[in-house]
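Please walk me through this fold, one element at a time. Start with how strands are paired, then move on to the helices.

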Amino acid sequence: SAVLVNVGDRVTKGQLLACFNDENVRMDLIQAEAALAEADANLVLAKDQADRARQLSTTSAMSRQDLLNLETTEKRNAARLPAAHAQLEVQRLRLRYTQALAPDDGVISARSATVGAVMANGTQLFRLIRQGRLEWRAELDPRALERIQPGQEVEILLPGDTHLRGVVRQTSPVVSSTTRSGLVYVDLPEPGS
C-alpha cells in the first residue's frame, strides 16, 4: 500500500491518491474468472447433452426420466452462469476499491490515510477542496438574512487588513432556533493562500 499525496498537493480528477494491498483481491478475481469459465463450459456441455437427449427421445431410445434429468442439469447450469458473472463483477469492484482516486480537480486539504493503517469502510481518507474553491459560511440575524440574495457579491475583511471577494451561492432556508441566526453560503472562487 502507498499514500501518494500530501496536504497542499494539487490533484486532477481520476488521479491516484492512495493504493492498498490488492494481492488477496487479485487472487479472488482470478478464482471468479475461472468459476465463470467453468460455469460457461458446464452450460455448453449440459445444453449439448440435453439437445442430443431431446433428439433421441423422439425415437424412444431414451427414457422420459433420463431426458428430464438432462434438461434439469441444463437449467441448473444456465442459472449458475449469471451468478458467476455477478461474482466476477463483485471481485472487479473490490479491486477498484483498492485504489483511492480524486473525484475532481482540486487541492488536498486534509489527509488521514497512512501507510500500513487498516481503514474501515466509509472512513474519510482525504479532504479535497474541489476545483480550488472554498466556501465561507456567515451567520446573520433574520433581518439581515432577508436582504441577501444569491449572486450578490460579498467582501470579507480578514485579519491583517486583507480583503477577500466572494459571491453568495445561497442562503439558509431556516433560522436556527438556538442561535436565532441563519447561514449565508459564499463561494470564494479565488481564495489564494
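Two strands count as paired if DSSP finds at least two bridges between them. The model is predicted. By that criterion, strand S3 (residues 16–19) pairs with S4 in the antiparallel sense, over three bridges. One residue pair shows the register: Leu 16 stands opposite Leu 101 in S4.

These strands belong to an open sheet of three strands. Its order is S1-S3-S4, and the pairing is antiparallel. Strand S1 (2–3) and S4 are the edge strands, each pairing on one side only.

Another open sheet also has three strands, in the order S2-S5-S6. Here too the pairing is antiparallel. Strand S2 (10–11) and strand S6 (126–130) stand at its edges. Each has a single partner strand, so one side of each is left without a neighbour in the sheet. S2 pairs with strand S5 (residues 106–111) in the antiparallel sense, over two bridges. Within that pairing, Arg 10 has Val 107 of S5 as its bridge partner.

Now the helices. Helix H2 covers residues 64–96, which is 33 residues. How far apart should its ends be at 1.5 Å a residue? The expected span is 48 Å, and the end C-alpha atoms are 49 Å apart, which agrees.

Two packed helices are described by the angle between their axes and the distance between the axes. The axes of H1 and H2 come within 8 Å and cross at roughly 160°. Angles over 145 degrees count as roughly antiparallel, and H1 and H2 are therefore roughly antiparallel to each other. H1 passes H2 in a left-handed crossing.

What does H2 bury? Its buried residues are Leu 67, Glu 71, Glu 74, Asn 77, Leu 81, Ala 84, Leu 88, Gln 91 and Leu 95. They pack against helix H1 (23–57) and strand S4 (99–101).

Look at the H1 side of this packing through Ala 39, which lies in helix H1. Is Ala 39 buried or exposed? Its relative accessible area is 10%. Buried means under 20%, so Ala 39 is buried. Leaving aside neighbours within four places in sequence, Ala 39 is in contact with Arg 80, Leu 81 and Ala 84. Leu 81 and Ala 84 are among the buried residues of H2. The C-alpha atoms of Ala 39 and Leu 81 are separated by 5.5 Å, although the two residues are 42 residues apart along the chain.

After H2 comes a loop that leads to S4, and Thr 98 has its place there. Thr 98 is buried, with a relative accessible area of 8%. Which residues does Thr 98 touch, not counting those up to four places away in sequence? They are Ala 18, Cys 19, Phe 20, Asn 21, Asp 22 and Val 25. Of these, Ala 18 and Cys 19 fall in strand S3 (residues 16–19), while Val 25 falls in helix H1 (23–57).

Last, follow the chain to strand S10 (residues 182–188). Six of its seven residues are buried, so S10 is largely enclosed by the rest of the structure. Strand S7 (residues 134–140) pairs with S10 in the antiparallel sense, over seven bridges. In this pair, Ala 138 stands opposite Val 184 in S10. Strand S9 (residues 162–171) is joined to S10 by four bridges, and these two strands run antiparallel. Here Val 167 stands opposite Asp 187 in S10.

Methods: Residues numbered from 1 in each chain as written. Predicted model: local features only at pLDDT ≥ 70, side-chain atom pairs only at ≥ 80, totals over all residues. Heavy atoms only, no water. Expected span 1.5 Å × (residues − 1). Buried < 20%, exposed > 50% of the residue type's maximum accessible area, 1.4 Å probe, protein only. Contact = heavy atoms within 4.5 Å. Axes fitted to C-alpha atoms, helices over the stretch in contact; angles between N-to-C directions. Parallel < 35°, antiparallel > 145°, perpendicular 65-115°, else oblique. Left-handed = near helix turned anticlockwise from the far one by under 90°.
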